[in-house]
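Reader: I am new to this structure and should like to learn how to read it. Could you guide me through some of its features?

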Amino acid sequence: MADLSRTEVEQIALLARLHLEPAEIEAMGAELGAILAHFATLAAVDTTDVPAMTHATETQTLRADVVEPSLPVEDALSGLPAKARSGDLIVVPSIIPGHES
Amino acid sequence: MSVADPKGLAYWTVADTARRVAAGEVTAEDVVEQTLARITEHDATLGAFLEVDASGARAAARLVDQKRAAGAPIGPLGGVPIALKDNLVTKGLVTTAGSKILAGWVPPYDGAAAERLRAAGAILVGKTNLDEFGMGSSTERSAYKPAKNPWDTSRVPGGSSGGSAAAVAAGLCAASLGTDTGGSIRQPAALCGVVGLKPTYGRVSRWGVIAFASSLDQVGPLARTVADAAALLQVLAGHDPRDATSLTAPVPDYGAALAGGVAGVKVGVPKEYFGPGIDADVRAAIDQVIHQLRDAGAAISEVSLPHTGLALPAYYLVAPAEASSNLARYDGLRYGARADAPDLLQTYMRSRGAGFGPEVKRRIMLGTYALRSGYYDAYYRKAQQVRTLIKRDFDAAFREVDVLLTPTTPAPAFPLGSVSSPLDMYLADVFTLACNLAGLPGLSVPAGFTPAGLPIGAQLLGKPLDEAMLLRVGSAIEGAVGLADRHPEAFA
């Protein structure tokens, strides 16, 4: 497979919410192209009627749907920088560019 | 043993340490002081640790000694110093997964691994170095520092649990925990000359594991003997309602399996693992193991796993796809580093762009590429179908044999900085990936050394939940190879 174009790399980076510097974009196009070329061997495999294996265990064991003690709010917010906290709320920037949160 | 002999306990086994502490021959505090002294002496060279918890370890040791003095049980691992890979969360102790995006993060809870070890009396001495989020095969992709191989510090210890393997090989702890998503316990164990066990998917709880690829990740021990690995698995294994994929099957007595011998055991040798790419010394060591097992009464036969060559491409679709989803949680909002940006989208993008290293970015991009609308069937679904074919190969083989024997890696430890292309680095895991895709247990056990003194590992793969068979055959190999007492000279 050929290198990924700059536009395609930028589209994927936006989907991944990942800022890349110009040099990273260039390198990523070539590296992903080389890795994806290696995947071509999969395309040649006949998988007609082969089910997809989503998990190594066939069963999942769900616990009863009852309220149990969980992490106290204070602990859960302990990883926040001070400026990102307001009482028990997490302060985030506005989703609308140019507006103060 | 005396406190005046700081090297005395460096290479004690887990069982030895636990027994001596329980018998009062040595205090847990002495064990911890000497362990911390060794870490101080050697880790500047090795880079095995990202965080050493001297005060926490001392406090835990005091508690063990107080319990013993009061006649209370101290647990099966009472006083045993153990290190945890830094993608296993530990309450109150910085946990970074080797990433800048989690620099300084102090988890508010213990994961299941830390919880079970503490309950068993183990002393958690620190957090070990790893490739960022477990993505790598050399520990050079740690955002903090590379770890070195104790047998030759110009070479890598393997990865991603390279710090855990190096620490055990150099006698900086009695044993350690790693995680294995595509070989990250077994490959560094092989390159550092220690035992590494990746349990069956679901055997050990993933609660509190910083997720990389959730359908593949498993926690397991690295140790200097097979018996020590069995002792740790005994503590780690078992159902945990907080992990929906945790298995409810009863946990057998793993220690009891060790002395079973191999008479009559059917060992399959998959021909696809012995192709032209394999190093001659590795090949010779594995051939020697095959002869030794045959001499000990095992029935050796060649088997075929025809889809082996597809494991690498299937893995490098499934794992990055799951990683791209799992790592979406690092958005700079609730924990970890947050970049200053004018709006939410730019906060996400700048925090992630600054916080993740090159290999993590590459895998997130690869996973996002494969999962995006219109590409899912061609890539992710196709890889999962191939995963089924790989699993069927193993199912067929295990109808004929009890265990499979392969090299753990195609070559011994490579020099630091010598592998630069991402694809070439992925090839370091070529023999370990299929086990994760199929959810099977795998064990790497030392099989010898190259003439230059680099360790070689033999890999055993077993039926689901048959860790006991791996430990039994692994113990026989360990006995036949006879190198469990050989330690790297620079860290004697």
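Author: The following turns take up a helix, the core, the contact between two chains and some backbone details. The model is predicted: local features need pLDDT of at least 70, side-chain atom pairs count only at pLDDT 80 or more, and totals for chains, interfaces and linings use all residues. Residues are numbered from 1 along each chain as its sequence is written, while chains are lettered from A and ligands numbered from 1 in the order in which they are written.

Reader: Which residues of helix 9 of chain B are buried?

Author: Helices (H or I, at least four residues) and strands (E, at least two) are DSSP runs, numbered from the N terminus. A residue is buried if 20 or more other C-beta atoms, placed from the backbone, lie within 10 Å of its own, exposed if 12 or fewer, and partly exposed in between. In helix 9 of chain B, the buried residues include B:Val282, B:Ala285, B:Ile286, B:Val289 and B:Leu293.

Reader: Why are they on the same side of helix 9 of chain B?

Author: The arc is that of the directions from the helix axis to the C-beta atoms. Here they cover an arc of only 95° around the axis, which puts them on the same side of helix 9 of chain B. On the other side, B:Ala280, B:His291 and B:Asp295 are exposed.

Reader: Which residues have the most contacts inside the largest nonpolar core?

Author: A nonpolar core is a set of buried Ala, Val, Leu, Ile, Met, Phe, Trp, Tyr and Cys residues joined through C-beta atoms within 7 Å. The largest one has 173 residues, and B:Ile82, B:Ile123 and B:Val403 have the most contacts inside it. Helix 10 (residues 311-326) of chain B gives the largest share of this core, ten residues.

Reader: How many residues of chain A are in contact with chain B?

Author: Two residues are in contact if their C-beta atoms, placed from the backbone, lie within 7 Å. By that criterion, 48 residues of chain A are in contact with 56 residues of chain B. Helix 2 of chain A supplies the largest share of the side of chain A that touches chain B, six residues.

Reader: Which backbone details deserve notice?

Author: B:Gly159 and B:Ser160 are joined by a cis peptide bond, with omega about 10°. B:Ser160 is found in the loop between strand 3 (123-128) and helix 5 (162-169) of chain B. B:Ala97, a residue other than glycine, has a positive phi near 55°. B:Ala97 counts as buried, with 31 C-beta neighbours inside 10 Å.
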